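Me: I would like to learn how to read a structure, feature by feature. Can we take one example and go through it together?

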Amino acid sequence: MSGVVEEEERRREEAEFRDFLIQLVETGDLRGTDAEGIAKLVIDRGVGVLSSKQSFVFNRDVVRPYSAECDECNDRIPWAEAYEFHHSPGRCSACQARFEKYMSE
């Protein structure tokens, strides 16, 4: 049964990553770069179609800059939160909510 759960988790993470890439393209964060075209290719066809050169650029300009851990709790930031995190003070959504609650008291 755990294989089913792991497969579902993998699909969810792939969907979140694809949604993240769509957000990057739509907001223009990659506009005018080689990474923009590569991200569009990954959205349409997946990472498996990338050449080694495209893969290098994609990892350097998209994956690494947006892969992160929360500055407070050190949890890995899921792709569903990666864009907002990149443009935030460095807190995951849970730590940000705690911080806002603390500041309002």
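Reply: Start with a term. A residue is buried under 20% relative accessible area, exposed over 50%, and partly exposed in between. Note that this model is predicted.

Me: Let me apply that. Is Tyr 102 buried or exposed?
Reply: Tyr 102 counts as exposed, because its relative accessibility is 60%. Tyr 102 sits in helix H5, which covers residues 93-104.

Me: Which residues form a nonpolar patch on the surface?
Reply: Look for nonpolar side chains that are accessible and grouped. Here Phe 99, Tyr 102 and Met 103 make up such a patch. Together they offer about 350 Å² of accessible area.

Me: Now the fold. How many helices and strands are there in the protein chain?
Reply: The protein chain has 5 helices and 0 strands. Along the sequence the pattern reads α-α-α-α-α.

Me: What box do the C-alpha atoms fill?
Reply: Take the principal axes as the frame. The C-alpha atoms of the protein chain then fill roughly 50 × 45 × 20 Å.

Me: How do I read burial and contacts for the whole chain?
Reply: Use fractions. The protein chain has 105 residues, and 30% of them count as buried. For contacts, consider those with a sequence separation of 6 or more: 34% of them join residues 24 or more positions apart.

Me: What supplies the accessible surface of the protein chain?
Reply: The exposed area is about 7,100 Å². Carbon and sulfur atoms supply 50% of that area.

Me: Let us zoom in on a buried residue. Where is Ala 35?
Reply: Ala 35 belongs to helix H2, residues 34-45. Its relative accessible area is 0%, so Ala 35 is buried.

Me: Which residues are in contact with Ala 35, leaving aside its neighbours within four places in sequence?
Reply: Dropping those neighbours leaves Leu 30, Val 57, Asp 61 and Val 62. Distances along the chain and through space are separate readings. Ala 35 and Val 25 are 10 residues apart along the chain, with 9.5 Å between their C-alpha atoms. Ser 67 and Ala 35 are 32 residues apart in sequence, and their C-alpha atoms lie 15 Å apart.

Me: Where does Ser 67 sit, and how accessible is Ser 67?
Reply: Ser 67 is in the loop between H3 and H4. At 38% relative accessibility, Ser 67 counts as partly exposed.

Me: Next, charges. What is the general idea behind a salt bridge?
Reply: Side chains of opposite charge can pair when their charged atoms come close. The cut-off is 4 Å, from a side-chain nitrogen of Lys or Arg to a carboxyl oxygen of Asp or Glu. A search of the whole structure gives 9 salt bridges.

Me: Which residue forms a salt bridge with Arg 10?
Reply: Arg 10 pairs with Glu 7, and their closest N and O atoms are 2.4 Å apart. Both residues lie in helix H1, residues 2-27, and their spacing of 3 residues means a separation of about one helical turn. Arg 10 is partly exposed at 38% relative accessibility. Glu 7 is partly exposed too, with a relative accessible area of 28%.

Me: What else does Glu 7 meet in a salt bridge?
Reply: Glu 7 also meets Arg 11, at 3.2 Å from N to O. Glu 7 and Arg 11 are 4 residues apart in helix H1, so about one helical turn separates them. Step back and a network appears: salt bridges link Glu 7, Arg 10, Arg 11 and Glu 14.

Me: Asp 61 came up as a contact of Ala 35. Which residue does Asp 61 meet in a salt bridge?
Reply: Arg 60, with 2.7 Å from N to O. Asp 61 is partly exposed at 26% relative accessibility. Arg 60 is partly exposed at 39%.

Me: How far apart are the mean positions of the positive and negative charges?
Reply: Count the charges, then compare their mean positions. The protein chain has 14 positive and 22 negative charges, and the two mean positions are 5 Å apart.

Me: Last, the backbone. What should I look for in phi?
Reply: Most residues other than glycine have a negative phi. Look at Asn 74: its phi is near 65°, a positive value. Asn 74 lies in the loop between helix H3 (52-66) and helix H4 (79-86). Asn 74 counts as exposed because its relative accessibility is 52%.

Methods: Residues numbered from 1 in each chain as written. Predicted model: local features only at pLDDT ≥ 70, side-chain atom pairs only at ≥ 80, totals over all residues. Heavy atoms only, no water. Patch = residues over 30% accessible without salt bridge, like charges linked within 9 Å, V, L, I, M, F, W, Y side chains within 5 Å. Areas by Shrake-Rupley, 256 points an atom, 1.4 Å probe, with all protein chains shown as cover. Helix = DSSP H or I, 4+ residues; strand = E, 2+ residues; numbered from the N terminus. Buried < 20%, exposed > 50% of the residue type's maximum accessible area, 1.4 Å probe, protein only. Contact = heavy atoms within 4.5 Å. Lys, Arg positive; Asp, Glu negative; His and termini not counted. Charge placed at Lys NZ, Arg CZ, Asp CG, Glu CD.
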